[in-house]
Amino acid sequence: MFLKINKFLNDVPKIAKGQKKFLSCKWLEHGIIFDHANIIRVCCEQSHEGKGRFILDDNFNGIFFDKQKILDIKRQLRNQVRNGIIPDFCKGCQFLESDYWDDEDYFSEVLLTHWTNCNTRCIYCPAVRDNNLSDENIYNIIPILEQMFDSKLINQNTHFSIAGGESTIYPEFDKLIYFLLEASVSNITVNSSGIRFAPSVAEAIAKNCAQICISLDSSSSFLYKKIKGSDTFNIVINNIKRYLQYEQISEKRVIIKFIILKGINDNNKEILDWFMLCKNLGVKRLAVDLDIAWYNEIQRNIPDYVKSLIIFVKEMSEINNVQLDLYDRADKIYKMIKNSEKNKYNT
Ligand code: SF4
């Protein structure tokens with residue numbers, strides 16, 4: 001089944017940049033999300049006024065990818081921004097940026113998150129909060145991706161993110177990773193609880209074709225269990241060590257994440273302990289974010305101690321020479337702090 005992909009390997013069209021700059025974003029231009037509940041979306045960003053998550057198809061059965069229908073809707077949205085009109089769902093979104101966006105029909109960002117089942121029960125997960133973890137309506141995404149490769153909507157330069165639910169327990173997960181590797185895709189991001197060690201991901205890390213992001217959110221078995229609803233802290237630590245063995249010395253492909261949660265891990269000590277635990281394991285890249293529900297409550301008035309936590313972890317990473325990725329909400333808060341410092345300095 002997979003060999004037919006190879007005919008496209010040396011056939012990636014060169015994309016010409018547009019002639020003038022305008023506000024848009026990579027998801028609006030070239031993004032697609034296969035979400036759960038048989039929905040296809042433009043993006044999953046929702047921490048802003050417009051609330052994002054625009055729906056392209058709300059009844060996708062996982063069999064036939066209606067390329068024309070999806071491209072037509074995307075084209076209408078793209079025409080709007082080319083005429084200086086920001087769609088309502090994008091209003092206030094931090095991902096809007098002024099650039100020379102090209103005008104071609106293809107997908108550079110694909111997020112696969114069309115199942116919700118999981119091997120943890122994280123207290124911050126919207127699917128847990130909504131009692132929405134299930135195996136229902138799962139389809140095999142590989143034939144859909146084949147259709148998309150065939151019609152040159154995706155190619156080996158496309159960035160594939162795999163989320164879920166828990167990505168590695170998706171029934172086709174290992175086949176999917178090997179399929180992407182065979183198609184010479186070299187930018188795969190796997191989001192995982194880290195409870196299941198996936199040999200396919202280890203192989204992709206060794207080949208510098210994938211990164212794995214594991215949410216640890218804590219530094220102890222006790223707190224981990226409280227947050228994740230699963231007594232598997234030591235298993236995850238062991239699997240982090242195993243993945244690190246596949247990472248080439250110059251690479252940073254094992255990312256350990258900390259989601260700051262109100263009243264649970266939102267203090268310097270817990271963040272420091274997590275940071276040092278990761279550092280001592282040999283992790284070279286960390287990620288921090290804020291619980292989305294909490295952020296939505298406090299976004300108009302972020303408490304000073306939350307700002308201090310973000311600055312604290314940022315400084316720790318600089319001092320210790322560890323790469324830190326601030327994800328959506330944490331990044332917004334950090335930029336807010338920097339902007340207000342700049343404004344103070346300028347007045
Ligand atoms: S809501 Fe944000 S991320 Fe989504 S398409 Fe609009 S600008 Fe892009």
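This is a short dialogue on reading a predicted model.

Student: Where should I start, and how many helices and strands are there in the chain?

Tutor: Start with the overall make-up: the chain has 12 helices and 12 strands. Its C-alpha atoms fill a box of roughly 55 × 50 × 40 Å along the principal axes.

Student: What does the radius of gyration say about the chain?

Tutor: The value is compared with what the globule rule gives for the chain length. Here the radius of gyration is 20 Å, close to the 20 Å from the rule for 347 residues, so the chain is as compact as a globular protein of that length.

Student: What share of the residues in the chain is buried?

Tutor: A residue counts as buried if 20 or more other C-beta atoms lie within 10 Å of its own. In this chain, 36% of the 347 residues are buried. As for contacts with a separation of 6 or more, 74% are between residues 24 or more positions apart.

Student: Which residues of helix α4 are buried?

Tutor: Helix α4 spans residues 142-150, and its buried residues are L145, M148 and F149. These three lie on the same side of α4, because they cover an arc of only 100° around the axis. After α4 comes K152, with a positive phi near 60°.

Student: Which residues come nearest to the ligand?

Tutor: There are 13 residues around the ligand, and C25, C43, G52, C90 and C93 come nearest. Sorted by class, the shell holds 10 nonpolar residues, two polar ones and one charged one.

Note on methods. Residues are numbered from 1 along each chain as its sequence is written. This is a predicted model: local features need pLDDT of at least 70, side-chain atom pairs count only at pLDDT 80 or more; totals for chains, interfaces and linings use all residues. A residue is near a molecule or strand if its C-beta atom, placed from the backbone, lies within 6 Å of it. Ala, Val, Leu, Ile, Met, Phe, Trp, Tyr, Cys and Pro count as nonpolar, Asp, Glu, Lys and Arg as charged, and the others, Gly among them, as polar. A residue is buried if 20 or more other C-beta atoms lie within 10 Å of its own, exposed if 12 or fewer, and partly exposed in between; C-beta atoms are placed from the backbone. Helices (H or I, at least four residues) and strands (E, at least two) are DSSP runs, numbered from the N terminus. The arc is that of the directions from the helix axis to the C-beta atoms. The radius of gyration is taken over C-alpha atoms; the globule rule is 2.2 Å times the number of residues to the power 0.38. Two residues are in contact if their C-beta atoms, placed from the backbone, lie within 7 Å.
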